[in-house]
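Trainee: I'm just getting to know this model. Could you pick one part and take me through it up close?

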Amino acid sequence: MLEIRDLVVSYGAIEAVRGVTLTAVPGAITAIVGANGAGKSSLLRAISGLAPIRGGSVMLDGKDITTVSASRRAEMGLSHAMEGRRIFRQLTVEENLQLAWQFGRRRNAWASALDRVFQTFPILKEKRRTPAGLMSGGQQQMLIVSVATICNPATLLLDEPSLGLAPIIVQEIYAFFTERCREDGTTVLLAEQMAALALKVSAHGYVLRQGRVVREGPSKELVDTGLVAALSSAYL
Amino acid sequence: MIIAFRTVLTRLITHPVFILAAIAALFFGSAFLSGGTVAILGFLMLNILLAQSMNLLTGIAGQISLGHAGFYGMGAYASGILMKTVGLPFVVTVPAAALIGALTGYLLSFPAGRVREFYLAMMTLAFGLIFREVVREWDDLTGGAVGLSGVPSTTLRTLHVFGYTLDGLDYFRVILIVTVIVMWLVHNFIQSRYGRAFYAIHASEVAAGCLGIPRAGTKQLAYTLAAGMAGLAGGLYAHMIGYLGPESFDLARSIAVLVTTVVGGLGSMAGQIMSAVVFTFLPEKLQVFAEYQFIVYGLILAFTLILLPRGLAGLLLLPPRFIKPSSLRHAVAAEVAIRPVETDKDAALVVQGVTMRFGGLTAVDDVSLELHPGRITALIGPNGSGKSTLVNVISGIYTPAAGSVRFFGETITGLPDHRIAASGLLRTFQDPRLVPRFTVRENLLLGAHRRYKSSALAATLGLPSAAREEAQFLGTVEAVTRMAGISDVLDQPLESLPYGYRRLVEVGRALLAEPRAILLDEPAAGLSEAEMTLLARMIRAMKEAGLMVLLIEHHMDFVAELVDDVVVLDSGRVIYHGDIGGMRQSPEVIAAYLGTAETEHA
Amino acid sequence: MEEFLTLLLAGVSVGAVYGLIAIGLNLTFWTTKTMNFGQGSVMMLCAMLTATMIAQGWPQVLSILAALAVIVVLMVFTETYTVRPALKIEGSMGWAVSTLGVGIVLQGFASLWFGSQALAFPDIIFSAIDDVVVFGVHMSLQYLAVLVLALVLVVAFELLVRGTVWGRAMRAVSMDADLASVIGIPVRIIVLGSYIGSGVLAGISGILVAQIGGTVDPAFGFELVIFGFVAAVLGGMGSTTGALAGGLVAGVLQQMVGGYISSAAQHGMAFALLILILVVRPQGLFGQREVVKV
């Protein structure tokens, strides 16, 4: 259960998030959509502990984690797949996965955790000894979501996982965490610029604009009420 | 209360009457002091010179020097050897000492601008060490560890200048005058575009590059000047005692200078004087201090920058400024903020088939667009569409894999960023690269840097030509601030103002350079409604003056009212080019931003 | 010929230690892009403490371990109170001045406690006159032993970094500290660990050099750290192989120049080498060009 209340995030003089309150639906996908600069990434970074919180609070499973360090939050079952396709490029696929498994909150044995990843993404098994930097964008993203989920986190933050990927790969990635959500009951917070896609797979949605929530509601409603068209004016 | 105290104290010690009175007091009053005290005062002057030299290098230009005693020693031994062994007169050897010091600094600083700061820091540490070792070993020339004695000096009454024998009092007066003159020159230098350029390099190298300030060259100049000053001090030192030994120029000496500068306050000339007084008299008066000197100095270095980063000057005085008050008083009122751009048939920015790759990723794919005078074009696209990369290619930060960029008919593809800036094509950055400690006025004035014609010499000597030029640009600064609506905060440090002001100042600064084309990278991000109105006003004024404007933005409301046409990028390619109304209807654009719910393919 | 081989052995022996020093400097550069400018005093302190304790009658191994323990505490202090706070303030070089300050304080204390005279360093590994005759040439056992020890340590270090989980965690932090922390790596501990590791390597290096040289004095370390830095830069800042290679080259050149030309030339050579590399090939032999992304 992830609750954010009146969150304020600022980098020096810039206020990236200006008082956001949201609740991630437990065991389901919650979408955060908005144009670039709306504050989606800053919001996720504040939740995972990478960005300093100037005001408000973040509650994870009833515990206030506002001042807890990022690595501690990871240990508590919070995982963050950052924007920008970030992975340890000089380490191999297997080394990346092992690091994440080693330092996260482990539930399974290494062998079965690795097996699960390889079953989901057979290409990663093929490339297990390839340095991550040498793989294609899509393969890297597969690795990134695998790294983020190898410890079966209770809460998963995804920052624009579809960015720059071919539609067919986007489909695979989306199928992956949708299933994780269903199978493991993971709470997913999905930030996307591509609103249509994110709203399609999510239960609830928040529209961010310049650091504030301007619309929220069940995703189906947001889509049905022609909000996509209205959204385009928020973007365009 | 504290500000009032600082203001009063600063006004007092910078007042010409006070300064002249102090100099006169020292000059004439020294006749009534004992020989020993006069000698200490002489050392004080030398320490002031050394502190000022390091202040210029480290405090203003931000370059570290951990072996400063090496420059001091170069000058000392140079003057001593030239006079004793070669027999050259005082008026030749001391300037020679300064030149040799300067040459050493110049050679040492060759890696500057190519490597990270700390490499150079290590190198200066190594230099200090090497200097002492070489002096110790090269006994034929320097007397080795035993030292060089018999240097003509005032102590032994063997120093003759133009047939007149100088005694301790005369020499002190000579040193005093030299110190005063050097400080006056340095003061002029700092309060000119050169001082501002030095500090800009310190505060933000990338911004400095875009302003036409050469990074490596400026750093080298800083080392050269500072080493020259230290060499001069060394030359004067040599003839005070008549004996030079390598222990006078070892690590302890370098540390002492560094401590003096850090405690005085990096960047403040007045602070250096205060600190030099403390550290010249303290070791003399407190024997205990001498014993624990190294430990005290070490503790000071370890914690001062953390606890008291601006030193004594930060505590007691107002922050130093980089514009002469006299120039401010004579600012020439300017009528227009932006001079109209002359156009010819080639007046356009033509981007043709530009492709940019990073490893396996194609960030910009065969993009073409044109900018024309008096037109505002928006460049938009979702995150990662290649907008910033394209702007980086146009402004010279990247060289594209394919395609060309032509500006006023000339091909500028692949030219370095400062060359492109010099040709009149300027850009702003997503996070404004300004100098936080500078006032709004000083930041804006930086924009005119490459338009100055007066030389460093003219500025240092305070010649009327330099003063006139400064006054002229200050006038333009005032006109731009009026247009931007920020006149009331002109003399406040930028770091004390809300974020929106930085944007306005950055755009205003670009205007000071008289650009012919301007690329604005997300200027409206983070601005309040009021600030956006001011920004829009500035951009419209640019259009009226005939500039070519490229506006990268996400903020559609802001863009809609301003632009003449729109170019939309997605995944590095142009997917729409036309007016804004059409863009809102274009299915490709909507799909690019919002994605489609259908991702399945048959 | 004998002179050449003797100098060569001395060169590779000292050079291997320079490599160790360079690796220590690399460690903190990896995790924080900083370097302890007072590293020389760390080397000196460790050697001096060891020498003093042995002179007091303590067992050799215990003395070394006790000295290293002091170094560990010192490095924790340095990182926590002079590096970390300095990184928070504006301007890149605050930490260089503050770490230099700590080094100066140590040098000051050492001068007060031990006097500024050189202290004799006891024979821990063989003695200065022990030698072995190989192909008719006398080779100092001490130099050989130091060479072997240093190489063993370099190899052990590489194995630790590449083979252990914490080693890989450290590489992860050096690649992307944010990413490392979100996958659960305690970045703070890694950074502290890198400073401690750097200090331990420096301390051991100090002992090894003091052993070969026979004496240690308060100013002993400054020149060493410069040679270590030359080695690091020559090999490529951040590369372990480079550090060793750079160290060997620097060491051999130093001994050759010192032996055949003069002692002063040997210092000048190091400096000239440094300037040359920084101007011609700043990334060193094995390093990578640092690109500034706008």
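Which residue of β9(B) stands opposite B:Arg406?

Mentor: It's B:Thr411. Before we zoom in, keep in mind that this is a predicted model, where local features need pLDDT of at least 70, side-chain atom pairs count only at pLDDT 80 or more, and totals for chains, interfaces and linings use all residues. Residues are numbered from 1 along each chain as its sequence is written, while chains are lettered from A and ligands numbered from 1 in the order in which they are written.

Now, back to B:Arg406 and B:Thr411, which face each other. Strand β8 of chain B covers residues 402-407, and β8 and β9(B) run antiparallel, joined over two bridges. Strands here are DSSP runs of E, at least two residues long, numbered from the N terminus, and two strands pair if DSSP finds at least two bridges between them.

Step back a little and you'll find four strands of chain B in an open, antiparallel sheet, ordered β6-β5-β8-β9. At its edges stand β6 (361-371) and β9 (410-411) of chain B. Each has a single partner strand, so one side of each has no neighbour in the sheet. So B:Thr411, opposite B:Arg406, belongs to one of those edge strands.

For a wider view, hop over to chain A, whose C-alpha trace spans about 45 × 40 × 35 Å along its principal axes. Of the 236 residues in chain A, 52% are buried, meaning that 20 or more other C-beta atoms, placed from the backbone, lie within 10 Å of a residue's own.

Terms used. A residue is buried if 20 or more other C-beta atoms lie within 10 Å of its own, exposed if 12 or fewer, and partly exposed in between; C-beta atoms are placed from the backbone.
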